[in-house]
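I am starting a notebook on this structure. The entries below record what I looked up, one topic at a time.

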Amino acid sequence: MSSQPAIHLRDLRKVYVVPIREAGIQAALRSLVRRQHREIVAVDDISFDVAAGEVVGFLGPNGAGKTTTLKMLSGLLHPSGGTVQVLGFQPWQRQKEFLRRITLVMGNRQQLEWDIPAIDSFELNRAIYRIPLPQYRETLDELVELLDLGQLLHKPVRNLSLGERMKCEIAGALLHRPQVLFLDEPTIGLDVTMQRRIRQFIREYNQRHGSTVLLTSHYMADVEALCQRVIVIHHGRILFDGPLSRLVERFSPHKTIILQLANGTADLSAYGEVVEQNGPAVKLRVPKQETPQVTGRLLADLPIADLTVEDPPIEEVIEQVFAQR
Ligand SMILES: Nc1ncnc2c1ncn2[C@@H]1O[C@H](COP(=O)(O)OP(=O)(O)OP(=O)(O)O)[C@@H](O)[C@H]1O
């Protein structure tokens, strides 16, 4: 791993300036003469580094500033302030050598031509990126195998299912073997099986090539499976940067005790908040620091067949993070 971070940003900022549109004909006429504007601070002085080979989850609620950041990192948007470097390049200069070494996949935006088979769009990419034929064939074979593309590449893209199309989109975005992958919701709208397939692919690809991945996803299963580290952003600011486990430790005041009573049912509300009860199967939410005592009391007081203690689901933890701001 080289000592220079693959992604480096300091006090990165993006302010959108948008015209204020008032309702009514009078206002419309007035705006022809003097247009009023307002500023939206989408990214508010954020700083972080990502080392080569890391897979980092970039999380935040709708409108937090994730896509804007990824667009600045991939050179689609010019920052309003701060510094940004990806593999030592300033992305907004969009140098050829830079574009050859990165990719941006947007799950809700299509890059492949709709009416032709994906393989034809791939050929176009090969020409644009000037990929030597042997390397192109080798990479394509690998992607076909890893993503199980089979015959999909030869059907017009419009005839593919959403998941099939996404697999082709990803393959197209990787043909030039980029070192840094910006993945914006790569599994959005896909069924659980296809989400798992794409997730597995990202993991295998990262392991094979040591590529750096910055990933946004609203599916915590993606994040749990792939990311050693998460960066949480809200209203354009970073709220947390560190291992997922530390996020849980820091922001979740509760644990969940899941127990199975040995016989019959009982009222367990004296031990904690009963979040679910189905006959002898009970789920209790307990303040974290009280978990050992409550577990001890339960085991001493009641006939218990099974008991486990779990952290709350990550979705719940993330909600807690946002609720505190
Ligand atoms: N082109 C634009 N012009 C004006 N405002 C914009 C523009 N693009 C984004 N914004 C605003 O900037 C803020 C951040 O948006 P951004 O798309 O980066 O968020 P996000 O975290 O990617 O959200 P989501 O999860 O919904 O995709 C939002 O308030 C959004 O409305």
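**Entry 1: the ligand.** I take a residue as near the ligand if its C-beta atom, placed from the backbone, lies within 6 Å of it. I note at the outset that the model is a predicted one. With that cut-off I listed the surroundings of the ligand: Tyr16, Val18, Ile40, Ala42, Gly60, Asn62, Gly63, Ala64, Gly65, Lys66, Thr67 and Thr68. I then asked which elements give two or more residues to this shell. They are strand E1 (7–19), strand E2 (37–50) and helix H2 (66–73). H2 gives the largest share, three residues. Sorted by class, the shell has five nonpolar residues, six polar ones and one charged one.

**Entry 2: the chain as a whole.** I stepped back to look at the overall figures. The chain has 325 residues, and 34% of them count as buried. I found eleven helices and 13 strands in its secondary structure. Along the principal axes, the C-alpha atoms fill a box of roughly 70 × 60 × 45 Å. I also looked up the contacts between residues at least 6 apart in sequence; 71% of these join residues at least 24 apart.

**Entry 3: the six-stranded sheet.** I followed an open sheet of six strands, whose order is E5-E6-E7-E3-E8-E9 and whose pairing is mixed. E5 and strand E9 (237–243) are the edge strands, each pairing on one side only. From one strand to the next the twist averages 15°. At the E9 end I checked the pairing with strand E8 (residues 229–234): E8 and E9 are antiparallel and share six bridges. Which residue in E9 is the bridge partner of His234? It is Arg237. Helix H9 (residues 244–251) packs on this sheet and touches E8 and E9. The direction of H9 makes about 115° with that of E9.

**Entry 4: the four-stranded sheet.** I then turned to an open sheet of four strands in the order E11-E12-E10-E13, with antiparallel pairing. Its edge strands, each pairing on one side only, are strand E11 (273–278) and strand E13 (304–310). On average, neighbouring strands here are turned by 15° against each other, direction ignored. Strand E10 (residues 254–261) and E13 run antiparallel and are joined by six bridges. Within this pair I found Leu261 opposite Ile304 of E13. Helix H10 (residues 291–301) packs on the sheet, where it touches E10, strand E12 (281–287) and E13. The angle between the directions of H10 and E13 is about 175°.

**Entry 5: helix H6.** I looked at helix H6 (residues 162–174), which has 13 residues. From first C-alpha to last it reaches 19 Å, close to the 18 Å expected at 1.5 Å a residue. Is H6 mostly covered or mostly open? It is mostly covered, with ten of its 13 residues buried. The buried residues are Glu164, Met166, Lys167, Cys168, Glu169, Ile170, Ala171, Gly172, Ala173 and Leu174. I looked up what covers them and found, among others, strand E5 (102–106), helix H4 (118–128), helix H5 (133–147) and helix H7 (192–209). E5 is also an edge strand of the six-stranded sheet.

**Entry 6: two residues with positive phi.** Most residues other than glycine have a negative phi, and I looked up two exceptions. Leu87 has a phi near 55°. Leu87 sits in the loop between strand E4 (81–86) and helix H3 (96–99). Leu87 counts as buried because 20 other C-beta atoms lie within 10 Å. Arg130 has a phi near 50° and lies in the loop between H4 and H5. Why does Arg130 count as exposed? It has 10 C-beta neighbours inside 10 Å, and a residue with 12 or fewer is exposed.

**Entry 7: Gln320.** My last look was at Gln320, which belongs to helix H11 (residues 314–323). Gln320 counts as partly exposed because it has 17 C-beta neighbours inside 10 Å. Leaving out residues up to four places away in sequence, I found that Gln320 touches Phe251 and Ser252. I also compared Gln320 with Ala305: they are 15 residues apart in sequence, and their C-alpha atoms are 32 Å apart in space.

Key: Residues numbered from 1 in each chain as written. Predicted model: local features only at pLDDT ≥ 70, side-chain atom pairs only at ≥ 80, totals over all residues. Pairing = 2+ DSSP bridges. Axes fitted to C-alpha atoms, helices over the stretch in contact; angles between N-to-C directions. Contact = placed C-beta atoms within 7 Å. Nonpolar A, V, L, I, M, F, W, Y, C, P; charged D, E, K, R; others polar. Expected span 1.5 Å × (residues − 1).
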